[in-house]
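Hi,

Here is the structure I promised to pass on. Have a look at it first, and my notes on what turned up are underneath.

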Amino acid sequence: MSTEEATVTAERELQGHFEDKIARDQRVEPRDWMPSGYRETLVRQIAQHAHSEIIGMQPEGNWLTRAPSLRRKAILLAKVQDEAGHGLYLYSAAETLGVDRSELTGKLVSGRQKYSSIFNYPTLTFADIGVIGWLVDGAAIVNQVPLCRASYGPYARAMIRICKEESFHQRQGYELLMTMMSGTAKQRAMVQDATDRWWWPSLMMFGPPDGDSPNTRQSMEWGIKRHTNDELRQKFVDMTVPQAEALGVSLPDSGLVWNSERGHYDFSEPDWAEFRRVLKGGGPCNTQRVERRRSAHEDGAWVREAAAAHAAKQAARGEAAV
Ligand code: FAQ
């Protein structure tokens with residue numbers, strides 16, 4: 001057998017092992033052989049997810065200095081810090097695939113990698129903080145709980161911890177809204193207004209409709225995604241309608257009705273032209289969000305340099321001691 005033939009045979013065998021693992025629903029780990037498309041898909045999705053967590057700190061961070069009480073400020077601060085932690089777990093998971101966090105950040109700030117469309121909308125009142133917890137974290141949970149069973153081990157494990165924290169985020173948002181809804185007419189109007197503005201962008205978080213989703217089929221075959229975008233969107237709608245009723249707000253969709261035949265709520269199509277516009281950088285806050293991230297990254301350069309210098313000194317000391 002020639003070297004070339006031997007390489008082809010070895011690769012076929014590795015591909016077989018990989019497919020077998022996926023078929024048995026076992027986890028793929030960083031040292032395992034994996035097809036390059038699988039690796040690239042994971043890097044794309046995990047990086048986009050990590051960037052979303054970090055950029056996602058900005059809309060809520062906007063209200064940290066204006067929270068109405070010490071209690072609300074402490075809760076919000078803890079939540080925003082949690083999002084930073086999620087970004088770090090996810091960048092670490094991406095690094096197990098052979099990419100580097102600084103390379104990924106470079107791609108984000110130069111517009112070569114995406115982050116979730118949802119974070120390109122402004123937070124206009126404090127009710128937005130409650131609605132982000134309720135709807136945005138609520139949508140994130142529906143999307144992310146199945147990712148705890150993703151076929152790539154480091155991603156699935158990161159998602160377990162993230163989901164636990166997202167669940168606290170969802171509850172704090174709902175509790176804030178419950179409090180506001182038992183307040184003044186003005187407070188109730190603020191909650192309704194925030195719900196009207198965030199409802200459609202929250203539905204868009206699940207991605208394009210299945211027919212326009214180029215990645216879903218392959219990602220499901222590889223066990224990265226466990227449900228399609230439309231399945232999860234439906235699940236979110238079904239879960240959220242009773243919560244809106246309990247809260248006493250209406251959802252801004254006249255097409256939202258229970259369909260007893262399907263056993264699900266029917267709802268109208270989100271404005272997909274708006275979704276595509278936001279993805280292309282034309283949302284209300286895209287420029288501001290990326291610019292803020294770029295300047296924060298540049299401002300933090302001295303910290304990274306100091307940490308690298310410290311690590312180099314420690315390593316040199318360690319070597320000298322041997
Ligand atoms: N925004 O073929 P598909 C959070 C892109 S974290 C922007 O369907 P896929 C926590 C997609 O990347 C929120 N881009 O793609 C929090 C693809 O781009 P490409 C983030 C979107 O990957 C709360 C193209 O469109 N969560 O909220 C969006 O199979 C509060 C075609 O789409 C995750 O990232 C979108 N909405 O499915 C933080 C979860 N949708 O590269 C702070 C993990 C699609 O091919 C405060 N990710 N695209 O050109 C996923 O589950 C999947 O990647 C989907 C998209 C479902 C987002």
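A quick bit of vocabulary before the helix pairs: an angle of 65 to 115 degrees between two axes counts as roughly perpendicular. Please also keep in mind that this is a predicted model.

With that cut-off in hand, start with α2 (residues 36-55) and α5 (residues 101-109), whose axes cross at roughly 70 degrees and come within 11 Å. The two helices are therefore roughly perpendicular to each other. On the α2 side the contact uses V43, A47, H51 and I55, and these meet L104, T105 and L108 of α5. Sorted by class, that contact has five nonpolar residues, two polar ones and no charged ones.

α5 also packs against α12 (residues 286-299): here the axes come within 9 Å and cross at roughly 140 degrees. This crossing is left-handed. T105, L108 and V109 are the α5 residues involved, and α12 brings V290, R293, R294 and H297. The class split for this contact is three nonpolar, two polar and two charged.

Now the core. Which residues touch the most other members of the largest nonpolar core? They are W134, W198 and F236, in a core of 47 residues. Two or more residues each come from α4 (70-95), α6 (127-144), α7 (153-181), α8 (185-204), α10 (229-247) and α11 (272-282). The top contributor is α6, which gives nine residues. Another core lies apart from this one, with 29 residues that include M34, C148, A156 and I162.

F236 is a good place to zoom in. Leaving out residues up to four places away in sequence, F236 touches L135, G138, A139, V142, W199, S202, L203 and F206.

That leads to the pairing of α6 with α10, where the axes come within 10 Å and cross at roughly 145 degrees. The crossing is right-handed. From α6, the residues in contact are W134, L135, G138, A139, V142 and N143; from α10, they are L232, K235, F236, M239, T240, Q243, A244 and L247. By class, this contact has nine nonpolar, four polar and one charged residues.

Staying in α6, what about D137, which lies in that helix: is D137 buried or exposed? D137 has 4% relative accessibility, so it counts as buried. Its contacts, again not counting residues up to four places away in sequence, are K79, E83, I132, E166, H169 and Q170.

Two other residues you may want to click on:

- D25 is in the loop between α1 (3-23) and α2. Its phi is near 60 degrees, a positive value in a residue other than glycine. Most residues other than glycine have a negative phi. D25 counts as partly exposed because its relative accessibility is 43%.
- M220 is in helix α9 (residues 216-221). With a relative accessible area of 31%, M220 is partly exposed. Apart from neighbours within four places in sequence, M220 is in contact with K225, R226, H227 and T228. M220 and D20 are 200 residues apart in sequence, and their C-alpha atoms are 15 Å apart in space.

That's everything from my side for now. Shout if anything is unclear.

Cheers

Conventions. Residues are numbered from 1 along each chain as its sequence is written. This is a predicted model: local features need pLDDT of at least 70, side-chain atom pairs count only at pLDDT 80 or more; totals for chains, interfaces and linings use all residues. Side-chain values use heavy atoms; hydrogens and water are left out. A nonpolar core is a set of buried Ala, Val, Leu, Ile, Met, Phe, Trp, Tyr and Cys residues joined through side-chain atoms within 4.5 Å. Buried means under 20% relative accessible area, exposed over 50%, partly exposed in between (1.4 Å probe, protein chains only). Helices (H or I, at least four residues) and strands (E, at least two) are DSSP runs, numbered from the N terminus. Contact means heavy atoms within 4.5 Å. Axes are lines fitted to C-alpha atoms, for helices over the stretch in contact, and angles run from 0 to 180 degrees between N-to-C directions. Angles under 35 degrees count as roughly parallel, over 145 as roughly antiparallel, 65 to 115 as roughly perpendicular and the rest as oblique. Ala, Val, Leu, Ile, Met, Phe, Trp, Tyr, Cys and Pro count as nonpolar, Asp, Glu, Lys and Arg as charged, and the others, Gly among them, as polar. A crossing is left-handed if the near helix is turned anticlockwise from the far one by less than a right angle, and right-handed if clockwise.
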